[in-house]
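Q: I am new to this structure and would like a close look at one paired pair of strands, taken slowly. Please start there and then work outward, so that I can place that part within the whole.
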Amino acid sequence: MKRVLILGGGFGGIATARRLKQKLANDVDVILVDRRDYFMVGFRKSWALVGESTLEAGQKPLESLSRIGVDVRRATIEATHPQEKSALVDGERIQADALVVALGAELNTSAVPGFDEHAFNVYDANDIPRAAKALSDFQGGRLVIGIFGAPYKCPPAPYEMALMIRDRFKARGVKASIEAFTPQPMSLPVLGQAGCDLIESRLAENGIDFYPNHKATAIEAGEVVFANKRMPFDLLLGVPPHRPPAVVRESGLVGESGWVEVNKRTLETSFADVYAIGDVTQIMLANGKPLPKAGLFAEQMGETVAERIASKFAGEEPVATFKGEGGCYLEVGGGKAMLVQGRFLVEPEPEVSLAEATTGFMDEKRSFETQRLMEWFG
Ligand SMILES: Cc1cc2nc3c(=O)[nH]c(=O)nc-3n(C[C@H](O)[C@H](O)[C@H](O)COP(=O)(O)OP(=O)(O)OC[C@H]3O[C@@H](n4cnc5c(N)ncnc54)[C@H](O)[C@@H]3O)c2cc1C
């Protein structure tokens, strides 16, 4: 029987495993490896940060994928060998007919001196309880939300956090300045100037000072350090620089961009029958900007790869391709969300737009999570 080894059980890995089982049922051995034993959507962190819900309320056990025949292994991937389509998993070498690398992005706090000592890492679920406590204890002063590198996952999320926090502060009567900075020239470069103007005016209306072109070099007690200035803070919520996990960096899969470069339609790497999907990849768009790192795209890439592998195993020419179409929601407080959506791979220019905030988009955002948790985990 043919075997597919999927490294990583996030959006991309789960979508690949499910689609392979839908297509090939018992004719394929699907092994899914992750050191985490649960799945959770990224924006749970924002909800838990502001005390709207808990992380646990959105977690589902990966093990339940075994009911559709996926061999789920909770283990650490120690090495990836793309030339052999194998990986070293808790000391065991697992060989496959096709290898799918879906290991996401690692949060590299050590790239910013002082990050671990002085900032809360709001992209790390493990740090959210501490950050949520600091936020609920916060009685006023200077709150800074800092983006310390790009590309980073879900580009609207830090702005969403700023708006949600402002909403909470208003409800609690907390008087605080909120500042957000990014090394990028505008809030969401992939949106273009008009879309960014909408987001940045929304920040301004809510008294959130926005600082583009701000690349922090270090954090000291109570101050973020930039080349030409310092930004004082009482509470610092940070998005650390991202990079591929070590097991990918050391595999020979990473290209000049620092990420795994793949064929943007087929998700093939330079190694035969080895695919990479999701946040671990870098796909450049026609306008020279990278495809945003989003769960939605990781999921679509996983489905594409599964279709292609199934066709190949059946001796057919694969036809499925990644389209890069869809959107994600930017919560603005008050029970509303904006929608950033687009056809990202079209040429000569991606078509990306921002729709103004409605309660309907907020409902869609909630069902983005509930639908997946129900369909994937029962
Ligand atoms: C605050 C926030 C809000 C977000 N909101 C949205 C949103 O609204 N919409 C959206 O589409 N996306 C959103 N995202 C982004 C989304 O979460 C990611 O883009 C998505 O998770 C990427 O999927 P992936 O499969 O590539 O990687 P991941 O989901 O990160 O999965 C990678 C898996 O690999 C495992 N792994 C890594 N290394 C090893 C190893 N050595 N051994 C074993 N296992 C390993 C990890 O445990 C992990 O489970 C958000 C992210 C954040 C942080």
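A: Strand E12, residues 140-147, runs parallel to strand E18, residues 235-239, and five bridges join the two. Before going further, please keep in mind that this is a predicted model. Within this pairing, Ile147 of the one strand stands opposite Val239 in E18, which gives you a pair of residues to look for on the display. For strands in general, the side chains of a regular strand alternate between the two faces of the sheet.

The two strands belong to an open sheet of five strands, whose order is E11-E18-E12-E13-E14 and whose pairing is parallel. At the edges stand strand E11 (120-121) and strand E14 (208-211), and because each has a single partner strand, one side of each is left without a neighbour in the sheet.

It helps next to see how the protein is divided: there is a domain 1, made of 2-43 + 50-105 + 244-322, a domain 2 covering 108-242, and a domain 3 covering 324-372. The contact between domain 1 and domain 2 takes 13 residues from the former and 16 residues from the latter. On the side of domain 1 that touches domain 2, the residues divide into eight nonpolar, two polar and three charged. Taken over C-alpha atoms, the centres of domain 1 and domain 2 are separated by 30 Å.

The ligand can be placed with the help of these domains. Both domain 1 and domain 2 give residues to the shell around the ligand, so the ligand lies between them. Of the 34 residues around the ligand, those that come nearest are Gly8, Gly10, Gly42, Gly104 and Gly278. By class, the shell has 16 nonpolar, 11 polar and seven charged residues. Several elements each supply at least two residues of this shell, namely helix H1 (11-24), strand E2 (28-34), helix H2 (44-49), helix H8 (295-313) and strand E23 (325-333).

Two of those elements lead on to further detail, and H1 may be taken before E23. Arg18 is found in helix H1, and because 21 C-beta neighbours lie inside 10 Å of Arg18, where 20 or more are needed, this residue counts as buried. Leaving aside residues up to four places away in sequence, Arg18 touches Ile68 and Trp376. Arg18 and Ser311 are 293 residues apart along the chain, while their C-alpha atoms are separated by 15 Å. A contrast is offered by Ala57, which lies in the loop between H2 and strand E4 (60-61). With 12 C-beta neighbours inside 10 Å, Ala57 counts as exposed, because the limit for that class is 12 or fewer. The C-alpha atoms of Ala57 and Pro348 are separated by 43 Å, and the two residues are 291 residues apart along the chain.

Strand E23 opens a run of antiparallel pairings. Eight bridges join E23 to strand E24, residues 336-343, and the two run antiparallel, with Gly333 standing opposite Lys336 in E24. E23 and E24 form a hairpin with two residues between them, and in its turn Gly334 has a positive phi of about 65 degrees. E24 also pairs in the antiparallel sense with strand E25, residues 351-358, over six bridges, and here Gly342 stands opposite Val352 in E25. Helix H9 covers residues 359-377, and its 19 residues reach 27 Å from the first C-alpha to the last, close to the 27 Å expected at 1.5 Å a residue. Just after H9, Gly378 takes a positive phi of about 80 degrees.

Returning to the residue range of the domain with which the sheet was introduced, another hairpin deserves attention. Strand E15, residues 216-220, and strand E16, residues 223-226, run antiparallel and are joined by four bridges, with Glu223 in E16 as the bridge partner of Glu220. Two residues lie between E15 and E16 in this hairpin, and Gly222 in the turn has a positive phi of about 75 degrees. A helix completes the view: H5, residues 157-172, has 16 residues and reaches 22 Å from its first C-alpha to its last, close to the 22 Å expected at 1.5 Å a residue. Among the buried residues of H5 are Tyr159, Met161, Leu163, Ile165 and Phe169, and the helix is followed by Gly173, whose phi is positive, near 70 degrees.

Conventions. Residues are numbered from 1 along each chain as its sequence is written. A residue is near a molecule or strand if its C-beta atom, placed from the backbone, lies within 6 Å of it. Ala, Val, Leu, Ile, Met, Phe, Trp, Tyr, Cys and Pro count as nonpolar, Asp, Glu, Lys and Arg as charged, and the others, Gly among them, as polar. Domain bounds come from an automatic or database domain assignment. Two strands pair if DSSP finds at least two bridges between them. Two residues are in contact if their C-beta atoms, placed from the backbone, lie within 7 Å. The expected span of a helix is 1.5 Å times one less than its number of residues.
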